[in-house]
Each structure stands twice: as C-alpha cells, then as structure tokens.
Amino acid sequence: MTTAAVAAPITAQAFKADYKPIWCPGCGDYSVLASVNKAFAILELRPENIAVVSGIGCSSRIPAYTTCYGFHGVHGRALAAGTGLKVARPDLTVLVAGGDGDGYSIGGNHFLHACRRNVDLTYVVMDNHVYGMTKGQPSPTTEPDWDSKLSPGGTGLRTFHPLVIALAAGANFIARAFSGDPNGTAQILVEAIRTPGFSFVEILSPCVTFRPEQRDWKSQVRPAPVAPTDDPARAARRIMTDDGFNIGVLYKGARKPYQPPVGMDAKRPTDLEAEFTI
Ligand SMILES: Cc1ncc(C[n+]2csc(CCOP(=O)(O)OP(=O)(O)O)c2C)c(N)n1
Ligand code: SF4
C-alpha cells in the first residue's frame with residue numbers, strides 16, 4: 001500500500017522575497033508587509049497567482065518585497081494599472097498598495113473611479129498622514145494644524161476622509177486596520193480579499209521618521225464598537241462620527257463586481273474601418 005504525499009500548507013515565509021526592505025527602522029510598513037504575507041498564506045494562495053501593484057512612495061516599495069508578481073508603476077497610477085490587470089486576468093488575485101499621497105493626492109481621481117467601478121481587487125493604503133519618501137510634505141490626510149519645517153503653522157486645510165469618500169463612491173468593502181496589530185490586520189485583509197468587488201483597507205502605518213508622534217497610535221486605536229454593516233447610511237454615520245482610530249470592518253456590501261468579457265476575438269483595423277464606412 002502506498003501513501004499519497006500530502007503537500008505541506010503554504011506559510012507566510014513563501015511570500016517573503018530575498019530583498020531586504022530599506023524602510024527606516026520602526027516604520028509601520030514592515031508590519032503591513034508581514035500581514036499581507038500572512039493573509040496570502042491563510043487564504044492558501046500561491047505567489048504565482050497573485051499580482052501586487054503599486055505607485056511610488058516608501059509604502060509603494062511593497063511589491064519588491066514579496067515573491068508574487070509585482071508592478072511598481074508611476075506615482076498615483078497604481079489603481080489604473082491594477083484595475084486593467086484584473087479585468088484582463090480575472091484569474092489572478094490583485095492587491096494594489098501604496099501611501100496616502102500616492103492614493104489620495106495625485107491618484108485621487110483613480111481612487112474615486114476604482115470605487116465606482118467595483119472591480120474585484122483589494123486596495124491597501126498605508127496611511128501615515130505624510131509624504132514619507134519625499135521628506136515630510138503634508139498629504140491630504142495630514143491634520144490642518146500639523147506644524148513642520150515644510151508647512152510652518154500647518155496647512156489649515158480640511159483633511160480628506162478616505163473611508164466615507166470610498167463609501168459614497170461605491171466601494172463594496174471598507175475597513176480600517178493598524179500596522180501595530182499584524183494579526184488583526186491579516187484577518188481584515190483575508191476578509192477583504194475574499195469579498196468580491198473593490199475592497200478598501202486603510203491601514204494606519206506610522207512614519208516614525210517624519211511623524212514620530214505617530215508611535216502613540218498604539219495607545220489610541222481600539223476595536224470598532226459596532227459590528228460590520230451592509231447599510232451604507234449606518235456605515236456613513238459610523239465613519240463620519242468616529243475619531244479615525246476605530247479598527248475593523250466598517251462596511252460590507254453586496255454589489256456585483258464589474259467584469260467585462262475577456263478573450264474576445266481581436267478586431268483587425270481593416271474590420272473596424274469597414275464598420276465605419278458610410
Ligand atoms: C509625477 C510625480 N510627482 C511627484 C513625485 C514625487 N513623489 C514620490 S513619492 C511621493 C509621495 C509619497 O507619499 P505617500 O504616497 O504618502 O507614501 P509614503 O512615502 O509616505 O509611504 C511624491 C510626491 C513622483 N515620483 N512623481
Ligand atoms: S520615511 Fe517614513 S514612511 Fe518612509 S520608510 Fe521611513 S518611516 Fe517609513
């Protein structure tokens with residue numbers, strides 16, 4: 001009698017690339033990377049079936065640090081690239097990742113329309129309320145009174161509210177996580193990836209270099225005191241009235257993802273020309 005070989009379960013280690021991250025010691029993005037890899041392992045995915053797509057920024061370095069397929073594109077265009085990829089290759093798990101500058105400033109318009117389109121991918125924003133890579137300029141989520149050499153006295157500008165904007169624009173899954181809770185973050189990512197449609201996970205990820213006071217986030221975050229809802233009005237009230245530190249899944253809807261047909265016969269330019277001949 002022969003015993004069939006049983007494949008060992010995949011571990012987070014299998015998603016860890018040989019490249020050593022060059023983030024500053026203590027940067028929250030290290031834990032986000034660990035949570036992403038853990039989530040892939042819990043879901044029993046394989047690196048060759050995943051694409052991690054990013055823009056530019058410290059956080060956007062993440063594709064290089066996984067063994068998955070990766071695309072480190074241009075600033076603010078991660079969602080455009082990731083959406084196109086998922087539409088062309090619906091068989092892949094697509095994770096788009098980056099920072100608050102990348103996603104909400106230069107990429108803000110893509111963010112709105114990715115929520116609206118509801119293509120089946122997961123978007124992770126490592127939000128540190130600052131442009132880390134370019135040395136500390138304020139971002140859309142920077143507090144109006146944050147005083148720095150580059151914004152003396154603060155910007156005085158109202159902050160962008162990514163979660164409620166995502167809800168209004170049509171995202172199907174909305175959650176907030178904290179990098180200092182890697183297991184909780186991994187669980188939220190598992191749920192986000194499993195949920196069909198556009199899943200948005202905002203991860204508070206401290207920039208210890210330009211916002212050292214964010215180390216204190218660990219004492220400010222708390223589990224959201226309410227269960228996830230599928231009612232957008234309740235979710236909006238919840239998100240609008242919290243102080244930005246409630247962690248958990250805040251909204252989970254049931255919108256059908258957008259997926260146009262793929263694999264259609266390509267048209268030759270001469271056929272197209274013939275269609276338009278009067
Ligand atoms: C078109 C373009 N404009 C500006 C830049 C410069 N730039 C690179 S990263 C970045 C901001 C990064 O901030 P964020 O996305 O919050 O990521 P973090 O570095 O904080 O992780 C900027 C403005 C660029 N690379 N390309
Ligand atoms: S500058 Fe900030 S965001 Fe960039 S690696 Fe350093 S701590 Fe992280």
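Me: In this predicted model, which residues surround ligand 2, and what makes a residue count as near a molecule?
Reply: Ligand 2 is surrounded by Trp23, Cys24, Cys27, Cys58, Asn128, Gly132, Cys207, Val208, Thr209 and Phe210. A residue counts as near a molecule because one of its heavy atoms lies within 4 Å of it.

Me: How many residues of each class make up the shell around ligand 2?
Reply: That shell has seven nonpolar residues, three polar ones and no charged ones. Cysteine counts as nonpolar and Gly as polar, so Cys24, Cys27, Cys58 and Cys207 fall on the nonpolar side, whereas Gly132 falls on the polar side.

Me: Why is Cys24 called partly exposed, and is Cys207 buried or exposed?
Reply: Cys24 has a relative accessible area of 37%, and because buried means under 20% and exposed means over 50%, a value in between is called partly exposed. Cys207 has a relative accessible area of 7%, which is under the 20% limit, so Cys207 is buried.

Me: How many disulfides does a search of the whole structure find?
Reply: The search finds zero disulfides. Because a pair of cysteine sulfur atoms has to lie within 2.5 Å to count as a disulfide, the result means that no pair in the structure meets that limit.

Me: Which residues are the closest to ligand 1, and which helix gives the largest share of its shell?
Reply: Ligand 1 is surrounded by 16 residues, the closest being Cys58, Ser59, Gly101, Asp102 and Gly132. The largest share, four residues, comes from helix H3, which spans residues 100-106. By class, the shell has six nonpolar, eight polar and two charged residues.

Me: What makes the approach of Asp100, Gly101 and Asp102 to ligand 1 a set of polar contacts?
Reply: In each case a backbone N or O atom lies at a stated distance from an oxygen atom of ligand 1: 3.4 Å for Asp100, 2.8 Å for Gly101 and 2.7 Å for Asp102. Taken alone, ligand 1 exposes 590 Å², and the protein buries 72% of that. The limit for a polar contact is 3.5 Å between N or O atoms, so these three distances qualify.

Me: With which side chain does the side chain of Ser139 make a polar contact, and why is Ser139 called buried?
Reply: The side chain of Ser139 makes a polar contact of 2.5 Å with the side chain of Asp100. Ser139, found in the loop between E4 and H5, has a relative accessibility of 9%, which is under 20%, and therefore counts as buried.

Me: Why is the pair of Tyr104 and Phe111 called tilted?
Reply: A search of the whole structure finds 11 aromatic pairs. In the pair of Tyr104 and Phe111 the ring centres are 5.5 Å apart, within the 6.5 Å limit, and the planes stand at 55 degrees, which is neither under 30 nor over 60, so the pair is tilted. Tyr104, at 4% relative accessible area, is buried, and Phe111, at 0%, is buried as well.

Me: Which parts of the chain does the pair of Phe111 and Phe160 link?
Reply: Phe111 and Phe160 also form a tilted pair, with 6.5 Å centre to centre and 50 degrees between the planes. Phe111 lies in helix H4 and Phe160 in the loop between strand E4 and helix H5, 49 residues apart, so the pair links distant parts of the chain. Phe160 counts as partly exposed because its relative accessibility of 24% is between 20% and 50%.

Conventions: Residues numbered from 1 in each chain as written. Chains lettered and ligands numbered in written order. Predicted model: local features only at pLDDT ≥ 70, side-chain atom pairs only at ≥ 80, totals over all residues. Heavy atoms only, no water. Polar contact = N/O pair within 3.5 Å; in protein donor to acceptor, adjacent residues only side chain to side chain. Areas by Shrake-Rupley, 256 points an atom, 1.4 Å probe, with all protein chains shown as cover. Helix = DSSP H or I, 4+ residues; strand = E, 2+ residues; numbered from the N terminus. Buried < 20%, exposed > 50% of the residue type's maximum accessible area, 1.4 Å probe, protein only. Phe/Tyr/Trp six-rings, centres within 6.5 Å; stacked < 30°, edge-to-face > 60°.
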